[in-house]
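Morning, everyone. I have one structure to go through today, starting with the overall fold and ending with some aromatic side chains. Here it is.

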Amino acid sequence: MTYTLVLLRHGQSIWNLENRFTGWTDVPLTELGIQEARSAADRLRNAGLSFDQAFTSVLHRAVDSLSIIQEEMHLSSLLVVQTWTLNERHYGCLQGLNKAETARRLGHDRVMYWRRSYRGRPPALEWDDYRHPRFDPRYSFLPPEQLPCSESLQDTVERLLPFWHSSIVPAIRSGRRVLILAHGNSLRALIKYLEDIPEAEVPGIHVPTGTPMIYELGLDLRPIRRYDLVNST
């Protein structure tokens with residue numbers, strides 16, 4: 001017996017287009033991002049895939065991408081769970097900055113360490129910075145000390161895994177067809193865990209926007225096979 005799990009990164013956002021660090025900042029999809037979500041729905045449908053339950057973050061670029069998938073695939077009865085634990089990695093003080101300009105100003109190696117390594121954590125937001133998530137009512141139910149002001153990929157793994165074990169694993173084991181629609185780094189964190197990727201190889205994990213990743217999982221929920229549904233046009 002095997003289980004099928006689909007991972008999908010949201011469509012292109014405005015700050016993806018502008019090459020900015022986004023993190024927990026809420027930015028909308030571009031027209032291309034909307035089309036990427038529609039195209040992903042087409043590929044999933046053409047591959048004979050459908051879903052009973054979907055998990056996503058609370059950030060609009062993921063929520064909106066999932067809404068498009070749901071509409072295009074006619075999934076009116078889809079059970080949707082939104083959780084902050086699937087949010088993008090928090091980029092701290094880098095949020096809103098252009099990636100190329102920041103690399104020129106602070107040094108390419110330093111910025112790439114923050115971006116791609118497992119343990120690199122960008123400079124943190126100050127407690128009174130308006131960008132701090134404690135000012136967002138969506139997170140008011142969380143103790144302030146639990147809210148990140150900067151995260152490494154390791155931090156993202158650690159905040160994601162409890163929800164994986166408590167909520168997503170039971171859904172998969174119950175036989176539900178599960179889609180996780182999230183972000184580049186929250187999905188990198190999950191891929192690192194699922195595939196048991198060594199820390200030294202973490203920089204090579206890349207998750208493109210709008211490309212469904214299909215996992216066939218064994219009874220232990222470890223991958224037997226993975227393949228991506230790449231747009232052929």
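Seven helices and six strands make up the secondary structure of this protein, and please keep in mind that the model is predicted. Reading from the N terminus, the order of elements is β-α-α-β-α-β-α-α-α-β-α-β-β. The radius of gyration is 17 Å, close to the 17 Å that the globule rule gives for 233 residues, so the protein is as compact as a globular protein of that length. In terms of extent, the C-alpha trace spans about 50 × 35 × 35 Å along its principal axes.

Next, packing and surface. Of the 233 residues, 52% are buried. If you take the contacts with a sequence separation of 6 or more, 75% of them are between residues 24 or more positions apart. The exposed area comes to about 10900 Å², and carbon and sulfur atoms supply 50% of that. On charge, there are 27 positive and 27 negative side chains. The centres of those two sets lie 2 Å apart.

Now the aromatics. How many aromatic pairs does a search of the whole structure find? The number is five, and I will describe two of them.

One is Phe 21 with Tyr 91. Their ring centres are 5.0 Å apart and the planes meet at 55°; pairs between 30 and 60 degrees are called tilted, so this pair is tilted. Where do the two residues sit in the chain? Phe 21 is in the loop between helix H1 (14-17) and helix H2 (31-46), while Tyr 91 is in the loop between strand S3 (79-82) and helix H4 (99-106). That puts them 70 residues apart, so the pair links distant parts of the chain. Are these side chains buried or exposed? Phe 21 has a relative accessible area of 0% and is buried. Tyr 91, at 6%, also counts as buried, because the cut-off is under 20%.

The other pair is Trp 24 with Tyr 139, again tilted, at 4.9 Å centre to centre with 40° between the planes. Trp 24 lies in the loop between H1 and H2, and Tyr 139 is in the loop between helix H5 (108-116) and helix H6 (153-173). The pair therefore ties together parts that are 115 residues apart in sequence. Both residues are buried by the 20% cut-off: Trp 24 has 6% relative accessibility, and Tyr 139 has 2%.

Finally, Trp 24 and Tyr 139 belong to a cluster, linked by ring pairs, that includes Trp 84.

Definitions and conventions. Residues numbered from 1 in each chain as written. Predicted model: local features only at pLDDT ≥ 70, side-chain atom pairs only at ≥ 80, totals over all residues. Heavy atoms only, no water. Helix = DSSP H or I, 4+ residues; strand = E, 2+ residues; numbered from the N terminus. Rg over C-alpha atoms; globule rule 2.2 N^0.38 Å. Buried < 20%, exposed > 50% of the residue type's maximum accessible area, 1.4 Å probe, protein only. Contact = heavy atoms within 4.5 Å. Areas by Shrake-Rupley, 256 points an atom, 1.4 Å probe, with all protein chains shown as cover. Lys, Arg positive; Asp, Glu negative; His and termini not counted. Charge placed at Lys NZ, Arg CZ, Asp CG, Glu CD. Phe/Tyr/Trp six-rings, centres within 6.5 Å; stacked < 30°, edge-to-face > 60°.
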